[in-house]
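Open the model in a viewer and keep the sequence panel in view. This tour goes from one selection to the next and says what is there.

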Amino acid sequence: MPHHYFDEAGIRELFTGWRFLILSEQVNNYIETEAEFYKTNPFPYTKWNILVQKV
């Protein structure tokens, strides 16, 4: 499973010279999980939704 790790500054750097039409962050925190879940996936995760236009 591929993974990429970005924060907002990294995304803005990656898209230097582009105009952001949409930049949204969705953070998911686990409220309830199976007892052994954290052995395989211990971290909350963030999804970035980005729509940019080349300028």
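Start with Glu 8, in a model that is predicted. Glu 8 is partly exposed, with a relative accessible area of 38%. Now add Arg 12 to the selection: the side chains of the two residues meet in a salt bridge, 3.0 Å from N to O. The structure holds one salt bridge, so a search for a second will not find one, given a cut-off of 4 Å between the nitrogen and the carboxyl oxygen. Both residues belong to helix H1, which covers residues 8–14. Arg 12 and Glu 8 are four residues apart there, about one turn of the helix. Like Glu 8, which is partly exposed, Arg 12 is partly exposed, and its relative accessible area is 41%.

Before the next stop, colour the whole chain by secondary structure. The protein has two helices and two strands, and along the sequence they follow the pattern α-β-α-β. Of its 55 residues, 5% count as buried.

Then colour by confidence. The mean pLDDT of the protein is 84, and 82% of its residues reach 70 or more. Select helix H2, residues 37–40: among the elements, H2 has the lowest mean pLDDT, at 70. Strand E1 has the highest, at 94. Where pLDDT is low, the predicted coordinates should not be read in detail.

Go back to Arg 12 and keep it selected. What does the charged end of Arg 12 sit over? It sits over the ring of Phe 20, 5.0 Å from the centre of that ring. Phe 20 is in strand E1 and is partly exposed, with a relative accessible area of 24%.

Stay with the rings. How many aromatic pairs does a search of the whole structure find? The search finds two. For one of them, select Phe 15 and Trp 18: this pair is edge-to-face, 5.9 Å centre to centre, with 90° between the planes. For another, select Phe 15 with Phe 20, again an edge-to-face pair, at 6.2 Å centre to centre and 75° between the planes. Show Phe 15, Trp 18 and Phe 20 together, and they form one aromatic cluster. Trp 18 is partly exposed, with a relative accessible area of 33%.

Next, select Thr 16. This residue lies in the loop between H1 and E1. Is Thr 16 buried or exposed? Thr 16 counts as exposed because its relative accessibility is 57%, and the cut-off for exposed is over 50%. Add Val 55 and draw a distance between the C-alpha atoms: Thr 16 and Val 55 are separated by 9.9 Å, and along the chain they are 39 residues apart.

Now follow strand E1, residues 18–28, and draw two more distances from it. From Phe 20, go to Val 52: the two residues are 32 apart along the chain, and their C-alpha atoms are separated by 4.5 Å. Then take Ser 24, which is also found in strand E1. Ser 24 counts as partly exposed, at 28% relative accessibility. From Ser 24, go to Asn 49: these residues are 25 apart in sequence and 5.1 Å apart in space, C-alpha to C-alpha.

For the last stop, show the surface and select Leu 21, Ile 22 and Leu 51. These three residues form a nonpolar patch on the surface, and together they have about 250 Å² of accessible area. Leu 21 has its place in strand E1. Leu 21 is partly exposed, with a relative accessible area of 41%; residues in a patch need over 30%, so Leu 21 passes that cut-off.

Terms used
Residues are numbered from 1 along each chain as its sequence is written. This is a predicted model: local features need pLDDT of at least 70, side-chain atom pairs count only at pLDDT 80 or more; totals for chains, interfaces and linings use all residues. Side-chain values use heavy atoms; hydrogens and water are left out. Patches are made of residues with over 30% relative accessible area and no salt bridge: like charges are joined within 9 Å, nonpolar side chains (Val, Leu, Ile, Met, Phe, Trp, Tyr) within 5 Å. Accessible areas come from the Shrake-Rupley method with a 1.4 Å probe; for residues, only the protein chains shown count as cover. Buried means under 20% relative accessible area, exposed over 50%, partly exposed in between (1.4 Å probe, protein chains only). Rings of Phe, Tyr and Trp (its six-membered ring) pair if their centres lie within 6.5 Å; planes under 30 degrees apart count as stacked, over 60 as edge-to-face and the rest as tilted. A charge sits over a ring if NZ of Lys or CZ of Arg is within 6 Å of the ring centre and within 35 degrees of the ring normal. pLDDT is the predictor's confidence in each residue, from 0 to 100.
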